[in-house]
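Colleague: I am new to this structure and would like a close look at a single part of it, the open sheet and what surrounds it. Please take me through it slowly, in one connected account.

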Amino acid sequence: MTEMVRKVTLSRAVRTMQDLFPVEYNFYPRSWILPEEFPLFVTEVRMMKESDPSWKPTFIVKPDGGCQGDGIYLIKDPSDARLAGSLQSRPAVVQEYICKPLLVDKLKFDIRLYVLLKSLEPLEIYIAKDGLSRFCTEPYQEPTLKNLHQVFMHLTNYSLNIHSGNFIHSDNVNTGSKRTFSSILCRLSSRGADVKKVWSDIISLVIKTIIALTPELKVYYQSDIPAGKPGPTCFQILGFDILLMKNLKPMLLEVNANPSMRIEHEQELSPGVFENVPSPVDEEVKVAVIRDTLRLVDPHKKKRKDIQSQTSEHVSETREDLLDAGPAGGLEYETSKNPEAGLPSLCLKQVFPKYAKQFNYLRLVDRVAALFIRFLGVKGTTKLGPTGFRTFIRNCKLSNSNFSMASVDILYIDITRRWNSMGIDHKESVTFLAGMCLQAFVEAFFCLAQKKYKSLPLHEQVASLIDFCEYHLAALDEKRLLCGRGVVERRGAAVTCPTDGLEVTPALHAPLLNRTAAAGKLADCRSHRYPAAVSPGAGRD
Ligand code: ADP
């Protein structure tokens with residue numbers, strides 16, 4: 001997760017989604033990765049300026065892996081990006097600076113929202129109903145060459161503004177340099193703003209961002225947690241940093257995998273003598289997040305629930321369902337025999353799968369990642385070798401007279417070489433041999449989709465190719481399953497099947513089995529027929 005939310009990785013993941021769904025993902029500022037995309041940055045900015053001479057942009061440069069405002073600076077022109085020295089060794093993201101943020105008391109502020117990623121498969125997301133608003137300590141002015149360097153005016157980081165003489169620690173959640181987000185919403189609501197819309201836009205931003213992150217996360221996950229074993233129950237509390245624009249549109253700034261859970265702040269009693277004192281605003285928001293996370297992931301509760309459901313036929317709803325419906329839906333907690341009966345109501349609200357229907361169409365890269373994982377082969381790896389890529393092409397029937405296996409190899413080498421030369425894969429560059437990472441596979445997949453379904457928009461091309469691949473793989477699974485039994489019955493004729501390199505025409509084939517069922521049965525029958533080392537699994541490399 002820490003890898004996934006680095007500024008460069010997040011920007012790449014969101015950009016892939018922007019390529020597929022530009023309108024849905026317009027909540028992330030236009031970004032470029034330095035130094036490799038510097039020429040592109042220069043060219044695109046020049047072109048945009050030419051087409052709109054009144055456009056006077058500002059950009060913000062943020063070092064990859066930085067936090068707390070570390071190394072961040074604003075520029076007016078691409079040529080001001082500091083490419084020499086530290087940036088060379090430290091990649092960075094440069095993005096369009098949002099010049100018109102919403103101001104409260106003439107100050108810029110951002111929102112820190114806590115999000116619980118409770119489970120990856122199935123995807124379960126909870127959002128805290130309150131968050132923190134962190135204020136700048138100098139009145140905001142739109143960026144000019146004169147004020148670009150004033151961090152207390154432009155950067156909302158608590159860790160920076162705490163050092164400003166204007167920082168106000170307050171016991172009141174409605175005032176001071178750190179307030180609850182709900183207090184801001186109350187204020188907006190009293191001015192007639194549609195705060196329900198603000199919330200639903202924020203929920204949608206969070207779900208879409210997580211949808212952008214999950215494909216690669218799953219690749220890492222499968223390499224660490226053996227298939228078929230439940231593994232440890234993983235969850236993560238994420239900190240989403242969001243900026244509200246003047247028109248109340250939320251924009252994603254970044255995601256933190258390790259958000260601060262401190263509920264105290266330092267106070268200088270006398271020069272050089274500091275004391276930790278409680279911070280009521282932090283306490284109000286963070287304690288609830290931790291408390292609810294523990295309630296939701298508590299394994300003992302699950303055990304109790306399992307026992308209860310064995311003894312009572314009436315207990316059909318899960319505790320989470322009740323909790324989810326609790327504060328918003330008005331359902332009261334069961335009080336009898338409920339050890340949590342005395343606890344305050346939930347602050348974490350389930351948003352996924354609750355709103356899954358509205359967002360599932362966006363999960364295309366997730367399905368591409370599932371194909372990638374299937375062909376990875378060797379456990380523990382996160383990169384696809386050339387043989388795995390060829391097997392993918394062969395099993396999905398993507399090679400033909402126009403696209404020979406030699407072209408497949410060239411595509412593999414071209415794309416893999418380029419991605420590996422970017423040197424962004426911090427985790428693996430040392431540990432594993434080079435191969436094709438997920439993003440490179442996604443790029444190759446998009447290329448294949450464009451080739452095969454020329455006239456459609458990109459997301460339709462990709463969706464069509466995924467359907468095509470899944471169909472052929474399901475057919476192959478079914479064939480293998482039947483082969484596991486030694487004989488295939490096809491339209492009355494018994495066809496003996498070889499154990500590998502199967503060719504099957506799906507259109508002629510009997511109705512496909514449910515994919516998961518087929519895969520499950522296949523695994524069963526393989527484990528009977530083949531010793532693990534010679535199993536004809538599709539993922540062999
Ligand atoms: P860090 O991890 O160092 O805190 P962020 O991406 O959160 O980096 O940026 C730091 C601060 O800079 C944010 O809290 C916000 O106030 C400001 N900021 C970042 N990106 C933008 C942007 N695109 N437009 C306007 N302000 C931004």
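Modeller: Strand S2, residues 59–63, and strand S4, residues 92–96, are a good place to begin in this predicted model, for the two strands pair in the antiparallel sense over five bridges. Within that pairing, Pro 63 has Ala 92 of S4 as its bridge partner. Two helices can be placed against these strands. Helix H1, which covers residues 7–20, lies across S1, S2 and S4 and runs at about 135 degrees to S1. Helix H2, covering residues 38–51, also packs on the sheet, where it touches S1, S2, S3 and S4, and its direction makes about 150 degrees with that of S1.

The sheet as a whole is open and has four strands, which follow one another in the order S1-S4-S2-S3 with antiparallel pairing. Strand S1 (31–34) and strand S3 (73–75) are the edge strands, each of them pairing on one side only. From one strand to the next, the twist averages 25 degrees.

The loops that join these elements deserve a careful look as well. In the loop between S1 and H2 sits Pro 35, and the peptide bond that leads to Pro 35 from Leu 34 is cis, with omega near 5 degrees. In the loop between S2 and S3 sits Gln 68, a residue other than glycine that nevertheless has a positive phi, near 60 degrees. As a background to both cases, most residues other than glycine have a negative phi, and most peptide bonds are trans.

Gln 68 also leads on to a pocket, since Gln 68 is among the residues closest to the centre of the second largest pocket, together with Arg 112, Arg 134, Asn 157 and Asn 256, out of the 48 residues that line it. The space in this second largest pocket comes to about 1,200 Å³, and its lining divides into 17 nonpolar, 15 polar and 16 charged residues.

The loop between H1 and S1 provides a link to a part of the chain that is far along the sequence. A search of the whole structure finds 18 aromatic pairs, and one of them is formed by Phe 21 and Tyr 361, whose ring centres are 5.7 Å apart and whose planes stand at 90 degrees, so the pair is edge-to-face. Because Phe 21 lies in the loop between H1 and S1, while Tyr 361 lies in the loop between helix H11 (356–359) and helix H12 (364–376), the pair ties together parts that are 340 residues apart in sequence.

On the H11 side, there is a further cis peptide bond, which joins Phe 352 and Pro 353 with omega at about 15 degrees. Pro 353 is placed in the loop between strand S14 (348–352) and H11.

Conventions: Residues are numbered from 1 along each chain as its sequence is written. This is a predicted model: local features need pLDDT of at least 70, side-chain atom pairs count only at pLDDT 80 or more; totals for chains, interfaces and linings use all residues. Side-chain values use heavy atoms; hydrogens and water are left out. Two strands pair if DSSP finds at least two bridges between them. Axes are lines fitted to C-alpha atoms, for helices over the stretch in contact, and angles run from 0 to 180 degrees between N-to-C directions. Contact means heavy atoms within 4.5 Å. On a 1 Å grid over the protein atoms alone, a cavity is a set of points where a 1.4 Å probe fits but cannot get out, and a pocket is an open set with protein on both sides within 12 Å along at least five of seven lines; lining residues have an atom within 4 Å of a point. Grid points are joined across faces, edges and corners, and a volume is the space filled by probe spheres set on the points. Ala, Val, Leu, Ile, Met, Phe, Trp, Tyr, Cys and Pro count as nonpolar, Asp, Glu, Lys and Arg as charged, and the others, Gly among them, as polar. Rings of Phe, Tyr and Trp (its six-membered ring) pair if their centres lie within 6.5 Å; planes under 30 degrees apart count as stacked, over 60 as edge-to-face and the rest as tilted.
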